[in-house]
Amino acid sequence: MKSVLITGASGEVATHLRRELAGNYKLRLSDLRPLAGKAKGETYMKADLSRMADALRITKGVDAVVHLGGYSVEGAWENILQANIEGCYNVFEAARRNKVKRILFASSNHSVGFYPRKQRIDHRVYPKPDSRYGVSKVFGEALGSLYADKYGMEVFVMRIGKVSDKPIDKRRLSIHFSPRDLAQLVSIGIDKPGIRFEIVYGVSNNTRSWYDNSNARRLGYRPRDDSEQHAAAIVPKKEHPTAAKYQGGSFTHLETMQNPAPLPGKKARRTVSRRSPRSAR
Ligand code: 15L
């Protein structure tokens, strides 16, 4: 059985993933935050990914890394820099030093969030991040490309939409990613032989998708869910005109959001500000 490290294991995406992958891999879970309950076959290692020593410790001896850790929404530059730029670099570099070949990187729909909703995009489009958060995801994609080309690592980039049981609004109908489809895509990323550097969209088979996900299909992905079955239950909400135009929605105009995964000792920020990045500090 392969041994797989999941970073950001206390987060929402990892919580779904752990449940879906249970029994298929030996899961090593890391997070700065404590883990709420551990299943059979899971081990937990507390780690601050902005410290190289921690990244080296947790990546030692695993077959693959699923890197989900980091700041998961738009935030102050200091937070994004530490969690998503330094943390991401440390994970790739530690994996290289520990000779872990395979890394799955959780990028986001926000690395391409400034594409208009009326445009269908594939995995080859130029990045158009919609936020500092989106820029940090483009950084991770670029780092993955470098580590694949320069060091022969096997890198699987997933531009994840929104993982949940049901979409909560109209935008999420286009980027919905069900837990079982997430597990299928991650398993391909871990097990498919011959991967060098691939970008795929982490979304279900949504009728209203903005993505041509043929690269994922080429690699064997056959999503089973379509958000359309939930469409009738979505309550229409008025969107900001910029948000309504672009795929990234509110990330295209808001400066900070509530981080659903606050660091220990820090309160989740409830402020949603429209001020400039400078004054938002
Ligand atoms: C993301 O990248 C976030 O991590 C997630 O919390 C959601 O906000 C999602 O995008 C989204 O676009 O809904």
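# Close-up views of a predicted chain

V65 has I103 as its bridge partner in β5. That pair is a good place to start looking around this predicted model.

**View: β4 sits in a run of parallel pairings with β1 and β5.** On one side, β4 pairs with β5 in the parallel sense, over 4 bridges. Another 4 bridges join β4 to β1, and these two strands run parallel as well. V65 shows up in both pairings: it is the bridge partner of L5, and its own partner in β5 is I103. Now look at where the side chains of β4 go. In a regular strand, side chains alternate between the two faces of the sheet. Here A64 and V66 point one way, while V65 and H67 point the other way. Are these four buried or exposed? A64, V65, V66 and H67 are all buried.

**View: β1 also pairs with β2, a strand that is largely enclosed.** Follow L5 away from V65 and you get to R28, its bridge partner in β2. In total, 5 bridges join β1 (residues 3-7) to β2, with the two strands running parallel. Strand β2 covers residues 26-31, and 5 of its 6 residues are buried, so the rest of the structure largely encloses it.

**View: helix α1 has its buried residues covered by several elements.** Which residues of α1 (residues 12-21) are buried? They are A14, H16, L17, R18 and L21. Their cover includes the strands β1, β2, β3 (42-46), β4 (64-67) and β7 (162-163), along with helix α6 (179-191). Just past the end of α1 you come to G23, which takes a positive phi of about 90 degrees.

**View: V186 is a buried residue of helix α6.** V186 belongs to α6, and its relative accessible area is 1%, so it counts as buried, the cut-off being under 20%. What does V186 touch, once neighbours within four places in sequence are left aside? Its contacts are L17, L21, V66, L104 and M158. Some of these names should ring a bell: L17 and L21 are among the buried residues of α1, and V66 is one of the buried residues of β4. There is also A106 to look for: it is 80 residues from V186 along the chain, yet their C-alpha atoms are separated by 9.9 Å.

**View: β6 and β9 pair in parallel, with β9 mostly covered.** Strand β6 takes in residues 154-160, and 6 bridges join it to β9. To find your way along the pair, look for V157, which stands opposite I199 in β9. As for β9 itself (residues 197-202), 5 of its 6 residues are buried.

**View: K99 is exposed in a loop.** Here we leave the buried residues behind. K99 lies in the loop between α3 (77-97) and β5 (102-108). Its relative accessible area is 71%, so it counts as exposed, for which the cut-off is over 50%. The backbone is worth a look too: K99 has a positive phi of about 60 degrees even though it is not a glycine.

**View: R222 is a partly exposed loop residue.** R222 is found in the loop between α7 (214-218) and α8 (241-245). With a relative accessibility of 41%, R222 counts as partly exposed. Not counting residues up to four places away in sequence, R222 touches Q184 and R217. You can also look for N205: it is 17 residues from R222 in sequence and 8.1 Å from it in space, C-alpha to C-alpha.

**View: the whole chain, with 8 helices and 9 strands.** Stepping back, how does this chain of 281 residues compare with a globule? Its radius of gyration is 18 Å, close to the 19 Å from the globule rule, so the chain is as compact as a globular protein of that length. The C-alpha trace spans about 50 × 45 × 40 Å along its principal axes. Buried residues make up 55% of the chain. Of the contacts between residues at least 6 apart in sequence, 65% join residues at least 24 apart. Outside, the chain exposes about 13,200 Å², with carbon and sulfur atoms supplying 53% of that. As for charge, there are 50 positive and 27 negative side chains, and the centres of the two sets lie 2 Å apart.

Conventions. Residues are numbered from 1 along each chain as its sequence is written. This is a predicted model: local features need pLDDT of at least 70, side-chain atom pairs count only at pLDDT 80 or more; totals for chains, interfaces and linings use all residues. Side-chain values use heavy atoms; hydrogens and water are left out. The radius of gyration is taken over C-alpha atoms; the globule rule is 2.2 Å times the number of residues to the power 0.38. Buried means under 20% relative accessible area, exposed over 50%, partly exposed in between (1.4 Å probe, protein chains only). Contact means heavy atoms within 4.5 Å. Accessible areas come from the Shrake-Rupley method with a 1.4 Å probe; for residues, only the protein chains shown count as cover. Lys and Arg count as positive and Asp and Glu as negative; His and the chain ends are not counted. The place of a charge is taken as NZ of Lys, CZ of Arg, CG of Asp or CD of Glu. Two strands pair if DSSP finds at least two bridges between them.
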